[in-house]
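Open the model in your viewer and switch to a cartoon view with side chains available. The tour below goes from selection to selection.

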Amino acid sequence: MAGHTENSITIDAPFDIVWEMTNDLENWPNLFSEYASVEVLSREGDTTTFRLTMHPDDNGKVWSWVSERTPDRAARTVRARRVETGPFAHMDILWEYAELPGGVQMRWTQDFAMKPDAPVDDAWMTDNINRNSRTQMALIRDRIEQAARERDGASVASTR
């Protein structure tokens, strides 16, 4: 069995702001609550290889891994995968963005499998990813909408 999750949220902000903020890797610790740091290791063409480090878990363990990410603004997609897979046999993520009347829908589709010796199975990780994705997406939505309001306010003030 393999794991598969799909989660989406609509962000009431212009596409350019949503795209810019969600693809600014160095700023992810300010966008996501779970990441303590991001270290860009290399950039080749549109692909960035980077190390994500999480805040310590309840037991004080710090999780870290290397991923690569390739945005395609024209297609409004980002493909990402873990290079250092840790307990995963593989982890692939597709980010999709769609402009809707109420804003920009951001969808994350994650396909993965846990290694046979991983401490949790695919079903447990599916539940965990679904729960965490909803939490992080709501936080990202709120932070992007706040940034969009601040930019609108600055634009209005500069035209006066």
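Select arginine 69 and alanine 80 together: in this predicted model, arginine 69 stands opposite alanine 80, a residue of strand S5. Now widen the selection to S4 and S5 (residues 77-82), which pair in the antiparallel sense over six bridges.

Next, show what joins the two strands. S4 and S5 form a hairpin, with four residues between them. Pick arginine 76, located in the loop between S4 and S5. Its phi is positive, about 60°, although this residue is not a glycine. Is arginine 76 buried, partly exposed or exposed? Its relative accessibility is 25%, so arginine 76 counts as partly exposed; buried would require under 20%.

Go to the other partner of S4. Strand S3 (residues 47-54) pairs with S4 (residues 64-72) in the antiparallel sense, again over six bridges. To see one bridge, select threonine 49 and its partner in S4, glutamate 68.

Now select tryptophan 28 and display its contacts. Leaving aside residues up to four places away in sequence, tryptophan 28 touches Met21, Thr22, Tyr35, Val38, Phe50, Leu52, Arg69 and Trp95. Arg69, where the tour began, is thus one of the residues on this list.

Then colour the largest nonpolar core, which has 28 residues. Trp28, Phe32, Trp95, Tyr97, Met106 and Ile144 touch the most other members. Elements giving two or more residues to this core include S3, strand S6 (88-100), strand S7 (103-114) and helix H3 (122-158). As a last selection, take Phe88, Phe112, Met114 and Ala118, which are among the seven residues of another core, apart from the largest one.

How values were computed
Residues are numbered from 1 along each chain as its sequence is written. This is a predicted model: local features need pLDDT of at least 70, side-chain atom pairs count only at pLDDT 80 or more; totals for chains, interfaces and linings use all residues. Side-chain values use heavy atoms; hydrogens and water are left out. Two strands pair if DSSP finds at least two bridges between them. Buried means under 20% relative accessible area, exposed over 50%, partly exposed in between (1.4 Å probe, protein chains only). A nonpolar core is a set of buried Ala, Val, Leu, Ile, Met, Phe, Trp, Tyr and Cys residues joined through side-chain atoms within 4.5 Å. Contact means heavy atoms within 4.5 Å.
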